Amino acid sequence: MADFKFDLVSPERRLASLDVTEVQIPGADGDMTAMADHAPTITTLRPGILSVTHAKGTDDFFVSGGFAEITGGAVSVLAEKAMPKGDVTKAHMDELIAKADEVHEAALASGTGADDAAQMRATLVEVMGSIGL
Amino acid sequence: MPNLKDLKNRIESVKSTRKITKAMQMVAAAKLRRAQDAAEMSRPYTERFNAVMAGLAAAAGDSEGAPKLLSGTGADQTHLLVVMTAERGLCGGFNGNIAKLARAHAAELKAAGKTVKVITVGKKGRDAIKRDLADSFVGHVDLTEVKNVGYDTAQDIARDVLNRFDAGEFDVATIFYAKFQNVVTQIPTAQQVIPFEVPEGTEVEDGALYDYEPSEEAILADLLPRGVATAIFSALLENGASEQGARMSAMDNATRNAGEMIDKLTIEYNRSRQAVITNELIEIISGAEAL
């Protein structure tokens, strides 16, 4: 299977930069798997687990907010929050959910975007369940 | 002639000042390295982000119904200045230079009949522009308690700015910070963040025709607010490195000045001691001669 370049960067650091065979991305419109020579695509992310398959196995990362840029020979994921799945703790998720609640309340007050905010919170809770926290 | 004891005390005090400035310089050097590392780490993100944003913005820029964060509100009446400085002083001209740039900018806008609003980040800058712009202050962000400036900090500031934008409080937002060039040079910079301006020097990739998911507009609408946070985040990091760099060179100068002062005072001290001895000798000799 052909390899291609994969980068995962957050504003604070670069988490991964390696050759991979397959990347599973939690896109805003649904999960997608990118392999070599995927059509050039830009998609926004929803909070979820990003799964990378390379020669030595699979790495899972938790990502939230941002986008993925897929070109024929490379995938770059720019996530506002990103960390290896194993490092995610309940405290992290609680903090994110608390923030989502804040946004939700603000959205309710302003009257726009409340649905999106609620959806965001639900997604976070779902991810939390899937990690097993 | 100053008396010997005074001189000695003076020398001691300058010596301890030199010790303090030397220590501060070393601390700043260590912090600078960390700040530079942090700035370095964020570069891949900001560069990719800006490249993609520039591409999207260029494509959507002229179309009607483009998001307000990109096309502006259509007016240019009220300007928000986000002045980012340090929480602490003793770093040479760092805070002063940023404040000066912001003041000049505000004066220009006011002369053109615009309304100016100011949000300050860091209390040193607030103090510096309080005299001229106190009535324009609309907010202040205190970073005294924040040990490590992270993306969260930037997001909080960005959220505040965006909320004000949504509420129609201003039309144009500009951030002020110092770009880190090297230890001796920090360039005070004004950067417009709302409406989004394609940063100079960003290469717009041609020919890469992307599929967009969900849609180009939706992605742009999602990314623009994040762009504000990203811009503020990199400004905060640049500021962090600049502050430490400025402090390092300021403290280096102070240490050197203290050294020179010690040399000068020591010479004066030795001279006056010698004068005292000579005087005593003269007295003894003339006393002996008088016998």
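Which residues of H1(A) are buried? The views below start there. This is a predicted model, where local features need pLDDT of at least 70, side-chain atom pairs count only at pLDDT 80 or more, and totals for chains, interfaces and linings use all residues. Residues are numbered from 1 along each chain as its sequence is written, while chains are lettered from A and ligands numbered from 1 in the order in which they are written.

**View 1. The buried side of helix H1 (residues 90-110) of chain A.** Here A:Met93, A:Leu96 and A:Ala100 are the buried ones (20 or more other C-beta atoms within 10 Å of a residue's own, against 12 or fewer for exposed and anything in between for partly exposed, with C-beta atoms placed from the backbone). They sit on the same side of H1(A), because they cover an arc of only 65° around the axis (the arc of the directions from the helix axis to the C-beta atoms). Covering them are, among others, S7 and helix H2 (114-131) of chain A. Helices (H or I, at least four residues) and strands (E, at least two) are DSSP runs, numbered from the N terminus.

**View 2. The other face of H1(A), and its length.** Turned away from the buried side are the exposed A:Ala91, A:Ala98, A:Glu102, A:Glu105 and A:Ala109. With 21 residues at 1.5 Å a residue, H1(A) should span 30 Å, and its end C-alpha atoms are indeed 30 Å apart (the expected span is 1.5 Å times one less than the number of residues).

**View 3. Helix H3 (residues 94-111) of chain B.** In H3(B), the buried set is B:Phe94, B:Asn95, B:Ile98, B:Ala99, B:Ala102 and B:Ala106. Their arc around the axis is only 110°, so they share the same side of H3(B). Over on the other side, B:Ala104, B:Glu108 and B:Ala111 are exposed. Just after H3(B) comes B:Gly113, with a positive phi of about 85°.

**View 4. Where chain A meets chain B.** Each chain brings 22 residues to the contact (C-beta atoms, placed from the backbone, within 7 Å). On the chain A side, strand S5 (41-44), strand S7 (57-71) and strand S8 (74-84) each supply at least two residues. S5(A) runs parallel to strand S6 (residues 211-213) of chain B, joined by three bridges (strands pair if DSSP finds at least two bridges between them). One bridge pairs A:Thr41 with B:Asp211.

Notes:
Contact = placed C-beta atoms within 7 Å.
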